Amino acid sequence: MSSLSRFLLLWAGLAVVTAAALYAVFLQADGYADPYYLRFTTPPQRSLILGTSRAAQGIQPAVLGEVLGRNDLYNFAFTIGTSPYGPAYNELIRRKLADGADSNAVFVLAVDPWSLSVSCPTGPDSLCLEESDRFTGQLRTVSRKPNFDYLLNYYGSPYYRLLLPTSREIELQDDGWLQVNVQISPTKFVANREEKLIPYRRYAKRWRVSDYRLRYLKRLIAQLRQRGRVYLVRLPVDPEMFALEEEYAPGFSDLARRWAVETAAPFLDLTGDNATYQTLDGQHLEQASGRGVSRVIGEWMLEESDRRLKGPS
Amino acid sequence: MLFNSLDFCIFLPLVFLLHWYLTRHSLRGQNALIVGASYVFYGWWDWRFLGLILASTVVDYWVAQRITASTGTRRRQKVYLALSIVVNLGVLGYFKYADFFVASFADAFTLLGRPFAYATLGIVLPVGISFYTFQTLSYSIDVYRGKLTASRDFVAFAAYVSFFPQLVAGPIERATRLLPQFGRLRVFSYEQAVYGGKQILWGLFKKMVVADNCAVVVNDIFADPGAYPGSTLLLAAVLFAFQIYGDFSGYSDIAIGTARLFGVELMRNFAYPYFARDVAEFWRRWHISLSTWFRDYLYIPLGGSRGTRVQAVRNTAIIFLVSGLWHGANWTFVVWGALHALYFLPLLLTGRNRRYTEIVAAGGGLPTWRELWGMVATFSLVTVAWVFFRADSVGEAWQYLQRMFSTSLFSEPVFSGRLDALVTVGFVLLMVAVEYWGRRLEVPLARVEELLPQWSQVVFYYGFAIFVLLGAGREQAFIYFQF
């Protein structure tokens, strides 16, 4: 064998061994990999829960499904940085939806001032969509396991973390719900809330609610309505966070109510019950509260459905 | 195209196969392939700037021809050399410094109480421009000095200018060394290629595992230093020192290793600078190709350390300030260079700047306490200077250092992701330990071969490659691309 062939054999061996090792590690990626990956490994879905991390953590498909008597609900909400309403998220949702004509699906869209805002104080909103450069705007494959496209290009940690996760407290479930298993003391809660409020106070000074994003929300509602019923909800948050939101976007719920009428998508505002529910950090519902909220949303959806069936009284 | 990208994983084997199968009997074919591949490599980032490389190649090729043809008429040779200098430095000056000078000019007027509105040109800096312009410039100067005759093979010269492994971030090669290698048919050497492969692997470890993981911690902390205690800022400064070392020396290792795959030997660019016992030794071990470039083409022509003390101080100051500016059009780099000049001058003036020429504990074993102290002190001084290098402005760097050296320096480091940072520190320690252990070799990892039987060495290197792949942090662009 020539020295060149020997070297090529060595090189080919290296390529095969490293590719096989990587593939084996990718196969191990599960709900602990990160808060997003698993959602890009499941088959296309019929009914979706959409929004940012508040919805990802706060709306539990299993509870909602139990109330509604259906098992096709899937949480496809991400974070404020990756899934505010806009063209990129709309396209990602389109990819995740199962093919075929179907008008019996349901869609729960969580809205709040931040998910309809842009971070640039001035300038065209279309040039200020940070999610366009992230997986939201770039990922083409959203239903494959293992998802090489995601793991190679958008997974944000070293790959050894797929085998040894930083924490076992956060787990993405098969139905897309982001389960956070932490018990926090009142002191820890206050510290978490303060930490969470720091960036949001900064956002409140710099960000603005965007008509551009709102247009895409309305467009999304119109598209989803062809497949089933669309419901808008505003999830409860800690009173301090709510006060900040009211300062940032006064009367946001009234605006949402108006959009609901325009788009014929019922709206449920749960911020009136802020004090009833417990969050982990001022904005993300802890598990028991999330269960309660999911149940309330489910019951309200049933009522809305009955009302629709009965027609205007 | 980045060395640590999937694109390069496909590109490199393809060029390698073409080089050794398609063009192995033809020097012209080999060189043409290198030029073509190099232009694809560069054009992958932005094809529009290929014209600049081509222009630089054509100008210096022609200038050198004219200098050689004008032998005997020194004045004419000088004119041609001046043309090369004006074109190369003009292009560099326009793309790299125009906006900086406009802004600095306006700032100076503002300071004098006469502010005026201005607009910068918003010029995009072509990747690697500082590297290839210095390389082509050295060629013209060497031909002018008679160290080299002008190349009569344009393709070989174009390969010398654009050789993709070192095109965008060095090592900055000298024509006297590299050009002759494009003048003879390259023959495949198994040993050379395997050694190159090991060097690439070690370079990838330094870049992807050490530098990219350090970057995660460093970027967060440098983005908002006011939010952290001094101890956290110290940690970030130290990690940045290892980030920039891992990033740049890793790139150099990958470049040198890749060149070896094609039968080309590039000069060494780093020789364990963090084991240096004083700043003078540090500069003999850090970015060697640039330091020696400045030494040969600027410091010595200025008079070097000969002449009066004032002249020696002046020349040293010029070298460090120009070196700072070479890195970027920002006052932070100027301050960084000035700090190093301040560190270096006492050694020069007391005649102790060549005290350490051998690697520490060259005979083996551990350094003496005195050497250890020298290493720690040098690393500390260098790390303080890196804060200016990393910060966006001199004011920010100053505030960073003020906060770092406050009483909070003795508090517990607080920041999110401490567990990951701990793993990163582990990677850094592993790199330092392996480099110390193998400090007498160019590829320190190769020292493991002393311990392992031959049959298991392949298994070790395959295992190490998997370790690199799994430990790699989020992909970051190479820091020195911006220079």
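What covers the buried residues of α2(B)? In this predicted model, the cover includes α1 (6-22), α3 (50-69), α6 (154-162) and α7 (164-167) of chain B. The residues of α2(B) that are buried are Q30(B), N31(B), I34(B), V35(B), A37(B), S38(B), F41(B) and Y42(B). Helix α2 itself runs over residues 27-46 of chain B; from its first C-alpha to its last it reaches 28 Å, close to the 28 Å expected for its 20 residues at 1.5 Å a residue.

**Helix α13 of chain B**

Helix α13 (residues 309-327) of chain B has 19 residues, which at 1.5 Å a residue should span 27 Å; the end C-alpha atoms are 27 Å apart, in agreement with this. Buried in α13(B) are N315(B), T316(B), I319(B), F320(B), S323(B), G324(B) and H327(B). Viewed down the axis of α13(B), these residues fall within an arc of 170°, so they line one face of the helix. In an α-helix there are 3.6 residues a turn, so residues three or four places apart point the same way. The cover over the buried residues of α13(B) includes α12 (288-302) and α14 (331-349) of chain B.

The axes of α12(B) and α13(B) come within 9 Å and cross at roughly 150°, and the crossing is right-handed. On the α12(B) side the contact is made by F294(B), L298(B), Y299(B) and L302(B), and on the α13(B) side by N315(B), I318(B), I319(B), V322(B) and S323(B). Among these, N315(B), I319(B) and S323(B) also belong to the buried residues of α13(B).

**Backbone features in loops**

Two residues of chain B other than glycine have a positive phi.

| Residue | Phi | Loop in chain B | Burial |
|---|---|---|---|
| Y272(B) | near 55° | between α10 (230-261) and α11 (279-285) | partly exposed, 19 other C-beta atoms within 10 Å |
| H287(B) | near 40° | between α11 and α12 | buried, 22 other C-beta atoms within 10 Å |

A residue is buried if 20 or more other C-beta atoms lie within 10 Å of its own. H287(B), with 22, is therefore buried, whereas Y272(B), with 19, is partly exposed.

In chain A, a cis peptide bond joins K145(A) and P146(A), with omega about -10°. P146(A) sits in the loop between α5 (135-138) and α6 (148-153) of chain A.

**Chain A as a whole**

Chain A has 12 helices and 9 strands. Its radius of gyration is 21 Å, close to the 20 Å that the globule rule gives for 313 residues, so chain A is as compact as a globular protein of that length. The C-alpha trace of chain A spans about 85 × 50 × 40 Å along its principal axes. Of its 313 residues, 41% count as buried. Among contacts in chain A with a separation of 6 or more, 82% are between residues 24 or more positions apart.

Definitions and conventions:
Residues numbered from 1 in each chain as written. Chains lettered and ligands numbered in written order. Predicted model: local features only at pLDDT ≥ 70, side-chain atom pairs only at ≥ 80, totals over all residues. Helix = DSSP H or I, 4+ residues; strand = E, 2+ residues; numbered from the N terminus. Expected span 1.5 Å × (residues − 1). Buried ≥ 20, exposed ≤ 12 C-beta atoms within 10 Å, placed from the backbone. Arc of directions from axis to C-beta. Contact = placed C-beta atoms within 7 Å. Rg over C-alpha atoms; globule rule 2.2 N^0.38 Å. Axes fitted to C-alpha atoms, helices over the stretch in contact; angles between N-to-C directions. Left-handed = near helix turned anticlockwise from the far one by under 90°.
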